[in-house]
Amino acid sequence: MQPNTVDTNWLNQIFAPLHDPKTWESAFGYSTKEPWFFTEFSFLAVFGVFLVFYAALVQKNTWRKIYLISFSLFFYYKSSGPFLGLFALMIVSDYLFALAIEKQQGIKKKLLLWLSLSYSLSFLLYFKYANFFIHNCNGLLGTQFTDHDLFLPIGISFYTFQSISYLMDVYRKEIPATRNVSDYAFYMTFFPHLVAGPIVRAKDFLPQIFTPQIINATLYKESLLRILTGLLKKLFIADYLGKYVDIVHELPANFSGAENVLAMYAYSFQIYFDFSGYSDIAIGIALMLGYRLKENFDNPYASSNITIFWRKWHISLSSWLRDYIYIPLGGNRKGEFNTYLFLMITMLVGGFWHGADWRFIFWGLAHGLALAFHKAWMQLSPSKSNPGYSRVFGTILTFHFVAFCWIFFRATSFGSAFASIEQIAFHTQWKDFVGFWVSRQEMGIMMLVAAFIAFFPPTLKERIFQKTQLLPAFSWILWVLIALQIIIQFKDDVVQPFIYFQF
Amino acid sequence: MFRAGNDPKIIGAKSLCLKYFCSTLADKEHQITPDLASTMSAKASTVTGGDAHTQVPQSEAGADRPEKSSPWLIVWAGLSISLPLLLLYIYSCSPQTLQFGQLELKQILGNQDIDAMLAELDEKEPADAGANHLSGSTTTANSTDTPLIVGESVPFLANNSNNNFTLPPYELPVFADTTKHRILLIGDSESGGLRYPLNDYCLANGHKIILSLEWYSATTFNFGRSDTIQKIIAKYKPTYIFLVFGLNELYARDLKARKIAANQLAKKLRGIPYAWIGPANWEEDNGINRVFQSSADSATYFMTKKLTLTRASDGRHPDTKGYRIWMDSIAGWIQTSARYKMLMKPPRKRGRPFRAPVITINAAKYRGY
């Protein structure tokens, strides 16, 4: 090549995918390998184009609704494929059930509620828990049932809970059943919350269908900021920390106690940034379309006790568990013993909801015990004053308890979880921390950054958020570009799998 | 804390922009006030399901603002997401990457078809006519007998400025499958383990390891972009090269850049018989094996990842037994189906002392390019 000529052949490559049938197949087809999530760049690109057309329909309520429902269904198809049919079936039947429940009175009403609830739950139970029960049945009773080859439809845990909350609310007459099936479909399918929450309540969301937010410059900046912070939290911080966590948790026994301790911290931050980042993106996307979803996280790690932690962690789930399990069971109205019992049951369900494995049940149990212990402690402890040092101590204790429980959440099996705990308990040496810092400085810095953000005072966060409002609207394209490049810069960064320098 | 409507002083203190923000958010009809503060700090009210239905006073600045969503703003919102992605996509199509000093701006690879990418890059860098740079004068080799040389102190490696280093010519003997070879072992930490069983094989078959270059933490970039290998070849004049690395790159996804580096590396080896041993995967990689295989000449790449090896306590490196099993498989392959065959009968005695010089470099300290 001559030094003066510029090779422009690569420019043709830009349009090459347009001529390739594979591109179109992957754009409209469903593939289990590449389900759509908010963090997929392909989704974000399509979402940008989607918004341009959305602008034309934003003033027309009906068209806007139809457009959103069809895009949501397409989104669900992209992530779950043929299970779209199941989802649609569930929507239509829940809609009919709700109408019937509203009309009936007395015992019939109650029966209908139970019928509809068991119907909704049956899908979740089958797809998520069938194999778990089969395994345990085979193990306990020596039966020979074979596994079902099941693919868990994406988001089923979330939308089942959503439909349960809707049916219960209609039963309790907190909201009227929707008269129009499209309204209900809109509430259920709305794609920002479809795949991984937040679990939206019908009474918060349905009114917004008719009166969406006014999309102005402020809302635009706020929503874009939410999306960007979410992307950075998920793809930059959480994924980076995850690389280290994956390495340690593959074989915890092979790593020193210090490395296991740090993996425990790293995972605590990873799961927080992962999920709260995802929720941020979901809330930001919904906001950009003119709908406000409830917050899902509120600085949970800064909580000074476990009860407050559960008020701030995955709020949409914990409040759901409280409103639809703990309170219907009897809450704290049926005596002291029952209160503790209900607390345990609620947390067990919460644990089991996360996955069909004994580890999650154990995790729920541990949290239930901690909540009960805290409740008992509050009743026994005479002093109601809450001085600063006890809050700091409480925060540290709560964080460490939560982080410890995450080991069971992350580990691949009970054995591996106990191996990790054993390393932490008996093989932790100070020099290994120094070794970690020497050989994995980037990871150490990332963990410090994550800790700083997780324990950051929320008032300061607000102030920063307000400051970003001062940035002119046209400049945001640049911030998006910078944020995306940061993500790309660190996405492929290979984290050395070894603690040793010498590899 | 800023909560619209509660503290007019704070609102007043903020700029006009914030005033506009408060006023336009005030939705008179529906009383929905999604103020920023309540979003950011969803207090217990969110938990209990209660909404903060605060009413925002209509400020003068906002009185004449339209109360409808602005379609142009939504278009702009769409563009502000798609355009940066489009820009990044176009950038990722470009063969050149932008550099700001030490910082190289990476490209998105996304869901690119690895095979297509490999094929395309191979077309761009056609195979040269082979060892045209290897013909010339005859120089006999004299390997130093220094037992261990550590990276920074290697005099001929220290000068890093000369990137266009060309190999001084030397003549390779005519090869037969039974030729006694002068073997150069190059690799990352795996070569440190593999050199012992390789040594056993060499002693049993009359070959000689003339040098083992152990470049810890090294990746394709170190081997491909630097001229270190050429310098070492020029100095030690091997007749057969063992190349073993890639364990640091199993998780790599920037395969395009690595492919380019691997091609550069393959170019450097051209003319000398070599065996390119793939990394001892402990789990599936993201395509680095395919990159190496496509860059290596046909039948010169040994796919290690198919082997089941016993591992050391780190769970990743093979242990002593694992390295032996690995070397046994390599030896069988070199005798039978490798492109450059040589005598590799199993040794009777194992675990013999390794006496060849070893150069150890750490990629964290010496990058080479």
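Guide: Before we look at helix pairs, here is a rule: angles under 35 degrees count as roughly parallel, over 145 as roughly antiparallel, 65 to 115 as roughly perpendicular, and the rest as oblique. This is a predicted model, in which local features need pLDDT of at least 70 and side-chain atom pairs need 80 or more, while totals for chains, interfaces and linings use all residues. Residues are numbered from 1 along each chain as its sequence is written, with chains lettered from A and ligands numbered from 1 in the order in which they are written.

Visitor: Why are helix 14 of chain A and helix 15 of chain A called oblique to each other?

Guide: Helix 14 (residues 315-329) of chain A and helix 15 (residues 336-354) of chain A have axes that cross at roughly 135° and come within 10 Å. An axis is a line fitted to C-alpha atoms over the stretch in contact, with angles from 0 to 180 degrees between N-to-C directions. The value of 135° is outside 65 to 115 and is not over 145, so the two helices are oblique.

Visitor: Which residues make the contact of these two helices?

Guide: From helix 14 of chain A come Leu317(A), Leu321(A), Ile325(A), Tyr326(A) and Leu329(A). Helix 15 of chain A supplies Phe342(A), Leu343(A), Ile345(A), Thr346(A), Val349(A) and Gly350(A). Contact is a matter of C-beta atoms, placed from the backbone, lying within 7 Å.

Visitor: How many residues of that contact are nonpolar, polar or charged?

Guide: There are 9 nonpolar, 2 polar and no charged residues in it. Nonpolar covers Ala, Val, Leu, Ile, Met, Phe, Trp, Tyr, Cys and Pro; Asp, Glu, Lys and Arg are charged, and the others, Gly among them, are polar.

Visitor: What makes helix 4 of chain A and helix 5 of chain A oblique as well?

Guide: Helix 4 (residues 61-80) of chain A crosses helix 5 (residues 83-103) of chain A at roughly 135°, with the axes coming within 8 Å. That angle fits none of the three named ranges, and therefore this pair is oblique. Leu73(A), Tyr76(A), Tyr77(A) and Ser80(A) of helix 4 of chain A meet Phe83(A), Leu84(A) and Phe87(A) of helix 5 of chain A. Sorted by class, this contact holds 6 nonpolar, 1 polar and no charged residues.

Visitor: Why are helix 9 of chain B and helix 14 of chain B oblique?

Guide: Helix 9 (residues 189-205) of chain B and helix 14 (residues 320-336) of chain B pack at about 50°, their axes 9 Å apart. An angle of 50° is not under 35 and does not reach 65, so this pair is oblique. The contact includes Tyr196(B) and Tyr201(B) of helix 9 of chain B, and Arg324(B) and Trp326(B) of helix 14 of chain B. By class there are 9 nonpolar, 1 polar and 1 charged residues.

Visitor: What makes Ala119(B) count as exposed?

Guide: A residue is exposed if 12 or fewer other C-beta atoms, placed from the backbone, lie within 10 Å of its own, buried if 20 or more do, and partly exposed in between. Ala119(B) has 11 such neighbours, and so it counts as exposed. Ala119(B) sits in helix 7 (residues 114-124) of chain B. Its C-alpha is 8.0 Å from that of Ser294(B), 175 residues apart in sequence.

Visitor: Why does Asn299(A) count as partly exposed?

Guide: Asn299(A) has 19 neighbours, over 12 but under 20, so partly exposed is the word. Asn299(A) lies in the loop between helix 12 (257-288) and helix 13 (306-312) of chain A, and has a positive phi of about 45° although it is not a glycine.

Visitor: Why does Lys237(B) count as buried?

Guide: With 21 neighbours, Lys237(B) passes the cut-off of 20, so it is buried. Phi of Lys237(B) is also positive, near 50°. Lys237(B) is in the loop between helix 11 (228-236) and strand 6 of chain B.

Visitor: How do you know that strand 6 of chain B is mostly covered?

Guide: In strand 6 (residues 240-244) of chain B, 5 of its 5 residues are buried. Tyr240(B), Phe242(B) and Val244(B) are on one side, with Ile241(B) and Leu243(B) on the other.

Visitor: How many bridges join strand 4 of chain B to strand 6 of chain B?

Guide: Strand 4 (residues 182-187) of chain B is joined to strand 6 of chain B by 5 bridges, and the two run parallel. Strands pair if DSSP finds at least two bridges, so 5 is enough. Ile183(B) stands opposite Tyr240(B).

Definitions and conventions
Helix = DSSP H or I, 4+ residues; strand = E, 2+ residues; numbered from the N terminus.
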